[in-house]
Amino acid sequence: MVDINVVMEIVKEASALFASREAAAHIVEKGRADFVTEVDFKVQQFVEERLRTAYPAIQFMSEEADNSAICKDGYYWVLDPVDGTTNLIHDYRRSAISLALMKGGESLLGIIYNPYADEMFYAEKGKGSFLNGRQIFVSSEPTMEKSLIAFGTSPYSKEISTEIFMLVDRIYKDCADVRRTASAALDLADVACGRIEAYFERRLKLWDYAAGMLLIREAGGKVLYYDGREAADDQVADILAGNTAIADKILNCYFAENNLFMA
C-alpha cells in the first residue's frame, strides 16, 4: 500500500529546511519550555502535502495540527516535523524528523531521519530495522554496570523534576553512565541500533515515540509503558525502551522501587 522508499525520499527532502537559521529563529512559545519554529511549520506543510498527494486515503496527525478528527481504526500518519525543537533553536544539531504509519494502535512503518549525520533509520512491521540500508539490532548487553542509559527530563512538566532526577540518580549509580540529548526520537533510534541500552521519559506525545517504537521492536527490543504494558498509541505516555534484559531490570528494580507503576 505504501512504498517506504517514496516516503523516505519525502522525509529527506523536507529535512533540507533544517538548514535555515533564519526560520529557526522565528519562534513561538506554546507553553513553558515548549517552542515551535517556522521550520516546524514548513516541514509539516511539505511532508503533509507530499503524503496527501501520494496517499490521499491516509489520515494525517502531526504535532502542529488539530488531530481531533483522526479515526485510529483507519490508517494514519504520525509526524513530528522537528523532534528536538529547542536543540534546533540553539543549533545544537540533535534534531530529527520522525514519521510513522499507524493503524489500530500499531506502528506499521517508522522513519527517523537525522539530517546532521545523514542517518536514515527505518522499519516496516515484520521486516526488520535498518540504518542507511544496513540491518540494525538492539544491544545484547545484559548488565546495568556496562549499560549506557538515556533519559528525558519532561521539560514541559517541570513540577515532576525532583521525581525524575531521583530516579536518574539511582540508575546512574548502577550503570556505566547516563545521557540526556533532548530528542526522544533519536534516543529511541540509538536504542534500536545498539548505541545505548535503554531510554526512558515521562509524558511523551505519540509523535515522539510512534516511529521509534517500531524501530526498536523490529530490532529485537522492547517499548513499554511504565506499568509494564506494551506501548501502543496513547496520546501522552510514560515510555521505557531498551533491550529486553535492561528494560526488564529498569522496570522491575528501579520503577517498582520508586512506585512508578502507573494506574
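**Exercise 1. In which sense do strand β6 and β7 pair, and over how many bridges?**

Start with the ground rules. This is a predicted model: local features need pLDDT of at least 70, side-chain atom pairs count only at pLDDT 80 or more, and totals for chains, interfaces and linings use all residues. Residues are numbered from 1 along each chain as its sequence is written, and side-chain values use heavy atoms, with hydrogens and water left out.

Step 1. Fix the terms. Helices (H or I, at least four residues) and strands (E, at least two) are DSSP runs, numbered from the N terminus. Two strands pair if DSSP finds at least two bridges between them.

Step 2. Read the pair. β6 (residues 106-114) and β7 are antiparallel, joined by six bridges. Ile112 stands opposite Phe121 in β7.

Step 3. Place the pair in its sheet. The open sheet has seven strands, ordered β3-β4-β5-β6-β7-β8-β9, with mixed pairing. β3 (59-62) and β9 (134-136) are at the edges; each has a single partner strand, so one side of each is left without a neighbour in the sheet.

**Exercise 2. Describe how helices α3 and α7 lie on this sheet.**

Step 1. Set the measures. Contact means heavy atoms within 4.5 Å. Axes are lines fitted to C-alpha atoms, for helices over the stretch in contact; angles run from 0 to 180 degrees between N-to-C directions.

Step 2. Take α3 (residues 38-54). This helix lies across β3, β4 and β5, at about 155° to β4.

Step 3. Take α7. It packs on the sheet and touches β3, β4, β5, β6, β7 and β8 (129-131). Its direction makes about 100° with that of β6.

**Exercise 3. Which residues touch the most other members of the largest nonpolar core?**

Step 1. Define the set. A nonpolar core is a set of buried Ala, Val, Leu, Ile, Met, Phe, Trp, Tyr and Cys residues joined through side-chain atoms within 4.5 Å. Buried means under 20% relative accessible area, exposed over 50%, partly exposed in between (1.4 Å probe, protein chains only).

Step 2. Name the residues. They are Val78, Ile112 and Tyr209, in a core of 41 residues.

Step 3. Find the main contributor. α7 gives the most to this core: nine residues.

Step 4. Look around Tyr209. Leaving aside neighbours within four places in sequence, its contacts include Leu188, Leu204, Tyr225 and Ile239.

**Exercise 4. Trace the surroundings of β12, then examine Phe200.**

Step 1. Check burial. Six of the eight residues of β12 are buried, so this strand is largely enclosed by the rest of the structure.

Step 2. List partners. β10 (residues 148-151) pairs with β12 in the parallel sense over three bridges. β14 runs antiparallel to β12, with six bridges. Phe151 stands opposite Phe200, and Glu201 stands opposite Ile239 in β14.

Step 3. Classify the rings. Rings of Phe, Tyr and Trp (its six-membered ring) pair if their centres lie within 6.5 Å; planes under 30 degrees apart count as stacked, over 60 as edge-to-face and the rest as tilted. Phe200 and Phe255 are edge-to-face, 6.1 Å centre to centre with 80° between the planes.

Step 4. Locate the pair. Phe200 is in β12 and Phe255 in helix α8 (residues 244-257), 55 residues apart. Both Phe200 and Phe255 are buried.

Step 5. Widen the view. Phe151, Phe165, Phe200, Tyr226 and Phe255 form one aromatic cluster.
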